[in-house]
Amino acid sequence: MMASCCGLLTSQKEPVPLKSVEVELEVRDHVATVVSTLNYQNQEDKPLEAVFVFPLPGDAAVCHFSAKVGQTEIVAEVKEKQEAREEYDDALSSGRQAFLLEESEQSPDIFSLSVGSLPPGESASIRLEYVTELAVQADEGLRFLLPAVLNPRYQPQGSVGSEGVNVQVTSVPASLVPYTLSFSARVSSPRPVSKVESSSPLDPLQYLNTEQTQATVKLAAGHKFDRDVELLIYYKDAHQPSAVVEAGRASSQPGSLMGDPVVMLSLYPEFPQAVMSSVASCGEFVFLLDRSGSMGGERIKNARDTLLLLLKSVPLGCYFNIYSFGSSFEHIFPKSEEYNQKTMEEALKKVEKMEADLGGTEILEPLKHIYRQPSIPSQPRQVFVFTDGEVGNTKEVINLVKQNSASHRCFSFGIGEGASSALINGLAKEGGGHAQFITGTDRMQPKVMQSMRFALQPSVVDVSVKWDLPSGVSVTALSPPIAALFQGQRSLVYAQFTGQSFEASEGCVTVAYSLAGHPSQTQLHFSLKSAKDSGLTIHRLAARTLIRSLEMEESERGGQEDSGGKKKVVELSVQSGVSSAFTAFIAVNKSNSEAIQGPLVRRMVPAPRVLNMFCIPQPCSLMSPMSCDMAQLPQMSPKRGAPLVQKSCKMKRSGNANKTNTKESSRPQRISSESSQPKQPPRDPLLQLVSLQEASGCWVLDPHLAAALGKTSEEVEKPKPASVKQDVWATILALIWLHGFKMDAQEEWELLAMKAVSWLRAQKASGVTECVEAGNALLGCNVQKDAVGL
């Protein structure tokens with residue numbers, strides 16, 4: 001049945017049976033194990049079924065699910081999804097307690113947990129465990145994310161997998177979430193833990209030993225669900241290549257994935273400095289910007305500023321275009337244009353007018369349009385995608401990127417709380433690029449410019465992995481082939497060893513590749529002796545990697561041929577105990593002999609949302625303020641729940657209304673004192689200076705430059721050495737100002753400064769030393785000539 005327009009959103013009117021969530025994180029080097037305990041209590045006079053739809057990291061391997069009712073613990077089994085759903089429904093219809101955990105078929109970072117037949121007054125404790133790899137940040141920190149925010153996911157019309165009935169999801173503003181969260185972490189590593197940072201308040205870091213290789217940290221009391229919980233973990237001398245071998249499970253069949261030893265390689269290639277110092281001077285850069293309603297406010301302003309820096313950093317001789325999308329998409333040029341002063345100025349004029357006014361989040365169609373454009377010879381295409389990641393057809397989008405990865409690299413940026421890690425990481429992984437997340441008060445610019453530096457690195461091709469193992473030992477790769485290698489970035493490789501016992505032996509792996517025409521390789525020797533106390537963490541991560549690859553292959557086929565791919569996924573998922581799109585965890589309490597009487601009352605547990613928009617509800621019964629959003633999420637269970645698309649309290653659908661969504665509908669004008677301010681507030685001094693740079697890399701001596709430097713035209717022109725051209729003097733002044741006043745933001749302007757230095761060298765100008773001295777005197781700096789790069 002279709003739910004009422006308001007949905008089930010008020011904790012005042014309908015009790016929420018979920019009372020608290022406790023999360024314990026254990027980090028070992030760069031792998032995390034997470035145990036979540038969800039405590040339920042039925043305070044009503046009727047038996048309940050509680051349904052909670054929530055996010056998890058997109059690459060998490062869920063490996064344990066159990067329920068404790070009274071003194072009875074019921075451990076779930078992994079079964080084929082339809083079989084598990086039927087078993088759950090049969091249990092409820094016969095008055096038994098049952099628990100079901102299933103992953104969305106469209107987006108691997110969304111899970112649904114159903115707690116069935118909880119009698120009046122009864123409590124239940126649900127334990128959920130998963131393992132995940134930690135991504136390496138630009139500053140070499142390891143990033144762990146506990147997703148808490150679940151914003152509505154936009155489901156485009158006609159997208160794959162929209163058949164069937166979808167689960168109804170309830171979301172409330174973060175301030176109205178009726179349950180509490182406690183979070184603690186334990187970190188251990190062979191190397192000292194130097195610091196742990198977070199966007200959420202933390203209690204002080206506590207070291208557990210004098211070597212500082214073990215530490216604990218807790219989320220400060222009173223955490224509000226207004227953000228995902230992000231931890232950044234820093235080790236001393238962290239990123240050394242390593243290999244960890246984990247013994248198989250004794251009870252599993254030798255020759256099977258869980259029965260054999262598995263290795264996890266962490267590779268950090270170091271490229272020859274001579275090759276790295278050359279920045280590519282060719283390439284086609286396509287920037288794809290989300291302009292859906294939820295990108296409003298600071299997000300779209302931040303994105304405009306970032307596009308300014310990117311456009312100033314593109315080398316001469318390259319090609320570029322800018323696409324933006326919402327329910328529809330636009331592009332600045334019909335096809336990519338050569339980068340020069342005219343095209344740069346035309347693009348920047350249009351960027352300045354961009355607002356978050358294009359409705360929904362239809363990312364698939366602009367990507368298809370980009371991929372249909374013919375490639376430009378000798379100009380490798382690099383696609384930069386900026387989005388808040390709130391889409392329902394994640395797998396379809398990632399699949400498209402993978403199909404085109406041979407001719408394009410894809411760099412992705414997840415903006416704001418609730419961005420889908422499955423989408424952002426998937427785009428970069430399958431597109432051979434790099435993923436970045438911008439949350440809280442993070443500035444977008446440093447992270448984006450780091451990816452730009454990656455994009456300008458010479459491309460690594462012909463990557464191969466060769467194993468040298470003792471005789472009688474064979475190896476099976478479990479990871480897909482390495483698609484991209486970047487200087488200092490980690491590549492993880494999983495493999496299975498089969499054969500005789502080889503505990504005392506040593507192995508070697510060689511990663512060979514070609515970089516800018518130079519053959520090169522990275523080699524790692526490692527012991528085949530199994531690591532102690534690693535449990536089956538590495539086996540589960542390896543199984544997850546293999547499951548994802550098989551699911552992707554199945555998705556590419558679109559179910560058109562019976563290849564047995566789905567069957568392989570189900571077999572591997574059941575064998576490893578790791579979740580997949582085609583399986584679910586099912587637990588039935590068979591110990592309660594008396595059937596639970598009476599019809600079940602269904603309660604949707606609300607997930608927190610943090611929307612970058614304003615919601616003005618119309619009068620509506622049983623509704624608390626700010627509760628008119630209905631979250632839209634991918635298909636979960638066909639037997640339970642309401643259809644996916646719900647009506648909003650403030651909007652009637654008509655005609656082409658399927659192009660919008662409650663999350664992204666246009667917002668009312670914000671009324672505040674801001675309306676009396678000028679439309680364009682004063683620009684940040686750095687961006688003001690950057691905006692004046694020419695496409696060639698130089699600056700022009702004019703009143704605008706003088707104002708950006710904080711001087712009058714006369715003050716700037718007077719000390720110019722007589723023999724020096726005006727644009728040379730202007731460019732040297734700009735470089736001195738950047739080095740003298742903005743070293744804390746160097747990663748943002750480093751590329752455009754390199755372009756300026758290249759331009760100066762090409763001028764073969766005399767009097768550079770004199771200019772630097774005069775410029776320092778004028779600006780009150782003490783910047784050395786060689787520091788500027790001259």
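This passage describes the overall make-up of a predicted protein model and then several of its local features.

The protein comprises 790 residues, of which 58% count as buried. Its secondary structure consists of 17 helices and 34 strands. Among contacts with a separation of 6 or more, 77% are between residues 24 or more positions apart. One example of two residues distant in sequence is given by Leu176 and Ala607: these lie 431 residues apart along the chain, and their C-alpha atoms are separated by 9.8 Å. Leu176 belongs to the loop between strand 12 (171–173) and strand 13 (180–188). The relative accessible area of Leu176 is 32%, so this residue is classed as partly exposed.

The strands provide further detail. Strand 25, which covers residues 408–415, is mostly covered, with 8 of its 8 residues buried. The residues of strand 25 point in two directions: His408, Cys410, Ser412 and Gly414 are directed one way, whereas Arg409, Phe411, Phe413 and Ile415 are directed the other way. Residues pointing in either direction are buried. Strand 25 is paired with strand 24 (residues 381–387) in the parallel sense, and 7 bridges connect the two. Within this pairing, Thr387 is found opposite Gly414 of strand 25. Gly414 is also one of the buried residues of strand 25 named above.

An antiparallel arrangement is found elsewhere in the chain. An open sheet is formed by 3 strands in the order 27-30-31, with antiparallel pairing. Its edge strands, each of which pairs on one side only, are strand 27 (460–468) and strand 31 (518–527). On average, neighbouring strands of this sheet are turned by 15° against each other, direction ignored. Strand 30 (residues 506–515) and strand 31 run antiparallel and are joined by 10 bridges. As an example of the residues involved, Gly507 has Phe526 in strand 31 as its bridge partner.

Among the helices, helix 6 spans residues 394–403 and includes Asn399. Buried residues have a relative accessible area under 20%. Asn399 is therefore buried, since its relative accessible area is 8%. Residues up to four places away in sequence being left out, Asn399 touches Met552, Ser555 and Glu556.

The interior of the model was also examined for enclosed spaces. The structure contains 7 cavities of 30 Å³ or more. The volume of the largest cavity is about 230 Å³. This cavity is lined by 17 residues, and those closest to its centre are Val21, Phe52, Phe54, Pro55 and Pro147. At least two lining residues are supplied by each of strand 1 (18–28), strand 2 (31–41), strand 3 (48–55) and strand 34 (607–609). The largest share of the lining, 3 residues, is provided by strand 3. With respect to residue class, the lining of the largest cavity comprises 16 nonpolar residues and 1 polar residue, with no charged residues.

Note on methods. Residues are numbered from 1 along each chain as its sequence is written. This is a predicted model: local features need pLDDT of at least 70, side-chain atom pairs count only at pLDDT 80 or more; totals for chains, interfaces and linings use all residues. Side-chain values use heavy atoms; hydrogens and water are left out. Helices (H or I, at least four residues) and strands (E, at least two) are DSSP runs, numbered from the N terminus. Buried means under 20% relative accessible area, exposed over 50%, partly exposed in between (1.4 Å probe, protein chains only). Contact means heavy atoms within 4.5 Å. Two strands pair if DSSP finds at least two bridges between them. Axes are lines fitted to C-alpha atoms, for helices over the stretch in contact, and angles run from 0 to 180 degrees between N-to-C directions. On a 1 Å grid over the protein atoms alone, a cavity is a set of points where a 1.4 Å probe fits but cannot get out, and a pocket is an open set with protein on both sides within 12 Å along at least five of seven lines; lining residues have an atom within 4 Å of a point. Grid points are joined across faces, edges and corners, and a volume is the space filled by probe spheres set on the points. Ala, Val, Leu, Ile, Met, Phe, Trp, Tyr, Cys and Pro count as nonpolar, Asp, Glu, Lys and Arg as charged, and the others, Gly among them, as polar.
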